[in-house]
Amino acid sequence: MELLRVEDLSFRYPNAGRNALDGIDLTVQNGEFVLLCGPSGCGKTTLLQMLKKELAPAGEKTGRIFYAGAPQEDSADAGEIGFVRQDPESQIVTDKVWHELAFGLENMGVPTDTIRRRVGEMAGFFGIEGWFRQKTDELSGGQKQLLNLAAVLVMQPKLLILDEPTGQLDPIAAADFITTLQKINRELGLTVLLAEHRLEEIFPIVDRVLVMEDGRIRADDEPQHIAARLTAISPDHPMLRALPAAVRVWQEVRGKGECPLTVKEGRDFLHRHFTGSDAPRPEPEDPEKGDFAVELKNVWFRYEKDAPDILRGVTAKIRRGEIFCLLGGNGAGKTTALNVIAGLERAYRGKIVIKGKPIRSYQGNSLYRRNLAFLPQNPQTVFVRDTLRADLAEIPETMGIPKSEQADRIGQMANRLGIASLLERHPYDLSGGEQQKCALAKVLLSEPKILLLDEPTKGLDAFAKQGLREILRELKREGITLLLVTHDVEFAAETADRCAFLFDGEILSVDSPRRFFAGNSFYTTAASRMARGLWPDAVTCEQVVACCRAEESRTGRKTDFPAEGKL
């Protein structure tokens, strides 16, 4: 039974030069689990917002949307279509967990006894009893997103729409969240339409995959066939890099048989066809030497005098001109550590040294004058003007750059990050990935020597991540020190010089990516989990593929694959 139908839907934002959506045709059957993916800025968020009329953005719209057989404007009250946003903070409106669960029902005028019963049932289903009476601002990122989902489902929607719901979750919390969605779809029969960039966990469990590009749906098929569909469009299609590790490795080595989707299926494929010879050599030991840009010495921090410590004796040395990735679970203290390094919070014990000087010796704004810059997790906090161009112009003007040079600097930075076409747009009208790139452009205009980045890949597709990786490596070659907090283990494995793990307010280990991820069970890459037992030191898809090809070259054996593909 058809629940949702979209016919020739086009949409253009005010003052935009092209359509955000261009002739979308789409149907979703009752009970389906549908994944929507595509490059940053392709129109995913716009399309999802258009499907819930209360969230539809302002602009020029043509085409029609039907829900349950009726035109959208004549159907579906606010509770029938649930919507979960990317940012957990943006959807929570009350101070207590129990009140957040009841809030929507209260606004719908549901009787008190019914509210109590539904809230209790939903809290039990999601395992919320243990933090049912907590304050919402005390929850971890994973708990907040789970609460958002529960608060939507308590209103018993018929269609659940989610816009990159795992974007701010650590790998374990993200996997748990996806498992919950699968349970809801299977046990409740709820129709789910989800947009996501992190495809490793979600890709194997959905019924259909829709791939968007330039405001259009380019591919619509079952997960097993999407790689072939994309390759038919272009052997170098950028979305091929976004597919799960098992799919990418299988395609690169020209695997035969049915395409593997999960880590288990990918591991089985590798063990059937390869023996594990020609393993990559471990990286050489990396002794701590050189010039340090940032040093933390036994740093302790708490937000209030009687509150528990967030940082508990953190000690670390970050070399000048290296890319250093800090990983850990939600609530471990990673963002707090960045705030302390950036001087936004003050440690009550320990010492922080920036470029050889104690942080307290920097007077006024001297710390931020061509020294240190910080890009926060929410890029919207960086924007304060009505157009991106006006926002970017603030930085060179503040730095005293002559007006005759300001336009050139903005143009060069916009071209460098591929955002020149967005300069006249309002920053809040951009997609999450576009906002991330624009915010990075703004902080780079301040010409920092040390750059702190909190979740810089949030909202970015695989192609954009590759571009960001190249930018970070270019900045490294220019001598800039980069400290990244990230949940994106694949990006860290492919980008970092060193990785560190923060747990319970302490840094437990610091090592090179290959040694760091090869020794982990959960905070590691899908490629590493697939290759264990064959090539224990291979932690990226590229390294696994290189091992496969080296073994094929040595043995003279090739696997068969019906179509050419290149990742």
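Colleague: Which residues lie nearest the centre of the second largest pocket?

Modeller: Leu-139, Gly-141, Asn-330, Gly-331 and Thr-335. The full lining has 38 residues. Keep in mind that this is a predicted model.

Colleague: How much space lies in that second largest pocket?

Modeller: About 1000 Å³.

Colleague: And which helix gives the most to the lining of that pocket?

Modeller: Helix 9, with four residues. Helix 4 (141–153) and strand 19 (498–503) each supply at least two residues as well.

Colleague: How does the lining of the second largest pocket split by class?

Modeller: Eleven nonpolar, 15 polar and twelve charged residues.

Colleague: On to closed space. How many cavities of 30 Å³ or more are there?

Modeller: The count comes to three. The largest has a volume of about 120 Å³. The second largest holds about 90 Å³.

Colleague: Start with the largest cavity. Which residues lie nearest its centre?

Modeller: Gly-167, Arg-198, Thr-457, Lys-458 and Lys-465. They belong to a lining of 14 residues. By class, that lining has one nonpolar, six polar and seven charged residues.

Colleague: And what classes line the second largest cavity?

Modeller: Eleven nonpolar residues, no polar and no charged. Among them are Leu-296, Phe-324, Leu-483 and Ile-507.

Colleague: Which element supplies the largest share of that lining?

Modeller: Strand 12, with three residues. Strand 12 spans 311–319. Strand 13 (323–327) and helix 9 (334–341) each supply at least two. Helix 9 also lines the second largest pocket, where its share is four residues.

Colleague: Let's talk packing. How many residues has the largest nonpolar core?

Modeller: It has 77 residues. Leu-149, Leu-160, Leu-270 and Trp-535 have the most contacts inside it. Helix 4 gives the most to this core, with seven residues. Apart from it lies another core, of 49 residues. That one includes Phe-383, Ile-419, Val-489 and Val-539.

Colleague: What is the general tendency behind such cores?

Modeller: In soluble globular proteins, nonpolar side chains tend to be buried together.

Colleague: Back to Leu-160. What is it in contact with, sequence neighbours aside?

Modeller: Its contacts include Gly-82, Val-84, Leu-149, Val-152 and Leu-153. Leu-181, Leu-190, Thr-191, Val-192 and Leu-193 are on the list too. That leaves aside residues within four places in sequence.

Colleague: New topic, Arg-469. Buried or exposed?

Modeller: Buried. Its relative accessible area is 8%, so it falls under the 20% cut-off.

Colleague: Where is Arg-469, and what does it contact?

Modeller: Arg-469 is in helix 13, residues 462–477. Leaving aside neighbours within four places, it is in contact with Arg-241, Phe-491, Glu-494 and Thr-495.

Colleague: And Ala-526, buried or exposed?

Modeller: Also buried, with a relative accessible area of 1%. Ala-526 is in helix 16, which covers residues 526–531. It touches Glu-200, Ala-245, Val-263 and Glu-490, not counting residues up to four places away.

Colleague: How far apart are the C-alpha atoms of Ala-526 and Cys-541?

Modeller: They are separated by 8.4 Å. Along the chain, the two are 15 residues apart.

Colleague: Now backbone. What is phi of Glu-164?

Modeller: About 45 degrees, a positive value although Glu-164 is not a glycine. Glu-164 sits in the loop between strand 7 (159–163) and helix 5 (171–188). It is buried, at 6% relative accessible area.

Colleague: And Lys-355, what is its phi?

Modeller: Near 55 degrees, again positive in a residue other than glycine. Lys-355 is in the loop between strand 14 (349–354) and strand 15 (357–358).

Colleague: Why does Lys-355 count as partly exposed?

Modeller: Because its relative accessibility is 26%. The partly exposed class runs between the 20% and 50% cut-offs.

Colleague: Last one. In what sense do strand 9 and strand 10 pair?

Modeller: Antiparallel, over five bridges. Strand 9 is residues 208–213 and strand 10 is residues 216–221. Met-212 stands opposite Ile-217 in strand 10.

Colleague: How many residues lie between the strands of that hairpin?

Modeller: Two. Asp-214 in this hairpin takes a positive phi near 55 degrees.

Key
Residues are numbered from 1 along each chain as its sequence is written. This is a predicted model: local features need pLDDT of at least 70, side-chain atom pairs count only at pLDDT 80 or more; totals for chains, interfaces and linings use all residues. Side-chain values use heavy atoms; hydrogens and water are left out. Two strands pair if DSSP finds at least two bridges between them. On a 1 Å grid over the protein atoms alone, a cavity is a set of points where a 1.4 Å probe fits but cannot get out, and a pocket is an open set with protein on both sides within 12 Å along at least five of seven lines; lining residues have an atom within 4 Å of a point. Grid points are joined across faces, edges and corners, and a volume is the space filled by probe spheres set on the points. Ala, Val, Leu, Ile, Met, Phe, Trp, Tyr, Cys and Pro count as nonpolar, Asp, Glu, Lys and Arg as charged, and the others, Gly among them, as polar. Buried means under 20% relative accessible area, exposed over 50%, partly exposed in between (1.4 Å probe, protein chains only). Contact means heavy atoms within 4.5 Å. A nonpolar core is a set of buried Ala, Val, Leu, Ile, Met, Phe, Trp, Tyr and Cys residues joined through side-chain atoms within 4.5 Å.
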